[in-house]
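Me: I'm new to reading protein structures, and I'd like to take a close look at one part of this one. Could you start with a loop residue and then walk me onwards from there?

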Amino acid sequence: MDETVAEYIRRTVLKIPRDEIKMMLQKWGFLSEAQLQTLNFHQIKDNISQEVVQLCEENSADIKQAAALDIIYNHIYQNKRMWSVYQMKKSGEELEYFDITDFKKKFKRRLRSALKNVTITFKEYEDNAIWIRVAWGTPHKKPNQYKPSYVVYHSQTPYVFISSSVLKSTLPLLCQALIVASNYHDIREMELRSHSLNSLKDIVFKRYSQNFQTDTPKPLQGGNVETENADIRIVQENKSEKERIHRLNQEVFGSGPQPKLEFAQYRLETMFKSDPKMDVLDKKEPFRCLVKFSSPHLLESLKSLAPAGMADAPLSPLLTCIPHKARNYFKIREKKGLYPESFVSP
């Protein structure tokens with residue numbers, strides 16, 4: 001077994017929590033049950049990793065087996081990576097039969113035609129998700145296994161989730177291979193990013209139902225009956241206001257937990273309004289700006305603004321429409337005739 005493969009397997013094992021090493025090796029399936037029985041999982045992790053490497057040497061492990069173990073680790077600990085959403089598009093609405101063998105063949109052929117020194121590994125999961133691991137090299141260097149790109153593609157959908165390596169130059173090659181293998185002709189980033197892959201899936205697959213505020217806030221009720229105690233009246237008004245904010249928040253965000261979104265971006269285009277007497281603008285041109293949102297938990301942060309007194313209730317649709325904009329990305333782009341990477345606020 002190659003020394004670089006042995007070292008990579010050792011480091012991968014060291015990343016795994018000790019009480020999960022046996023489970024993950026069983027999922028890997030490269031070592032036999034008899035070989036696993038010889039391992040002492042109660043010793044320090046460094047010793048466990050050395051014993052695993054020795055067993056892998058007996059089985060003549062290569063980089064493909066090592067990459068498969070890495071996929072299993074990243075599938076279980078997918079929140080350790082930052083994921084971006086991409087949407088692909090076909091020229092028509094026709095549906096085609098998806099052949100996983102053909103997909104893999106086209107993906108490999110396209111990527112290796114552009115870069116020969118590359119390691120490509122696939123793993124299929126029960127939710128129709130195809131996990132792809134790509135380790136990148138150069139024309140004169142072997143692939144760097146420690147900085148791979150990860151792709152999660154759900155067959156029969158136009159959505160792709162990518163956790164890219166630090167080499168930005170590899171992203172166009174990756175996207176080109178994806179559209180060729182899946183028979184699409186266009187791919188664009190949706191400007192939604194998060195460590196929570198499942199939350200991004202909830203948004204784009206519409207497993208998350210968000211209400212949208214369309215009416216104006218109702219006036220505060222009550223206050224017709226005078227009380228002798230002003231303090232009691234203030235308490236009642238504060239209670240009514242809190243109830244109103246809670247009700248409006250429920251209407252906009254729903255009662256369940258929000259998907260964990262960490263980054264969103266869209267392009268705002270609206271008409272500039274000013275006093276006609278001031279004559280600020282000679283021409284009536286739209287006001288354009290790029291709106292970016294970033295937070296450890298973006299949607300929950302927006303949801304907490306009104307209860308915390310940091311914003312009026314209900315929140316502006318500019319804030320609450322983020323998941324909706326993500327799902328309607330291409331439809332909005334075509335209708336408004338804007339730049340491919342843009343969102344447009346209504």
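Reply: Happy to! Let's begin with Asn-183, whose relative accessibility is 35%; it therefore counts as partly exposed, since that value falls between the 20% limit for buried and the 50% limit for exposed. Keep in mind that this is a predicted model. Asn-183 sits in the loop that links helix α7 (171-181) to strand β6 (186-194). Its backbone deserves a second glance: Asn-183 is not a glycine, yet its phi is positive, at about 65 degrees. Most residues other than glycine have a negative phi. Gln-156 is another non-glycine residue with a positive phi, in this case about 70 degrees. You can find Gln-156 in the loop between β4 (149-154) and β5 (159-163).

Now compare that with a residue in a strand. Ser-294 belongs to strand β8, which covers residues 286-294. With a relative accessibility of 64%, Ser-294 counts as exposed, because the cut-off for that word is over 50%. If we set aside the neighbours within four places in sequence, Ser-294 is in contact with Glu-262 and Phe-263. Ala-264 is worth finding too: 30 residues separate it from Ser-294 along the chain, while their C-alpha atoms are 6.7 Å apart.

From the exposed side we can turn to the buried one. The largest nonpolar core has 48 residues, and the members touching the most others are Ile-9, Leu-25, Val-52, Trp-131 and Phe-161. There is also a second, separate core, with 27 residues, including Phe-107, Leu-115, Trp-136 and Ala-181.

Two of those names, Ile-9 and Val-52, turn up again where two helices meet. Helix α1 (residues 3-15) packs against helix α4 (residues 45-58) at an angle of about 140 degrees, and their axes lie 9 Å apart. Because an angle has to be over 145 degrees to count as roughly antiparallel, α1 is called oblique to α4. The crossing of α1 past α4 is right-handed. On the α1 side, the residues in contact are Ala-6, Ile-9, Arg-10, Val-13, Leu-14 and Lys-15. They meet Lys-45, Asp-46, Ser-49, Gln-50, Val-52, Val-53 and Cys-56 in α4. Sorted by type, the residues of this contact comprise seven nonpolar, two polar and four charged.

Notes:
Residues numbered from 1 in each chain as written. Predicted model: local features only at pLDDT ≥ 70, side-chain atom pairs only at ≥ 80, totals over all residues. Heavy atoms only, no water. Core = buried A, V, L, I, M, F, W, Y, C linked by side-chain atoms within 4.5 Å. Buried < 20%, exposed > 50% of the residue type's maximum accessible area, 1.4 Å probe, protein only. Axes fitted to C-alpha atoms, helices over the stretch in contact; angles between N-to-C directions. Helix = DSSP H or I, 4+ residues; strand = E, 2+ residues; numbered from the N terminus. Parallel < 35°, antiparallel > 145°, perpendicular 65-115°, else oblique. Left-handed = near helix turned anticlockwise from the far one by under 90°. Contact = heavy atoms within 4.5 Å. Nonpolar A, V, L, I, M, F, W, Y, C, P; charged D, E, K, R; others polar.
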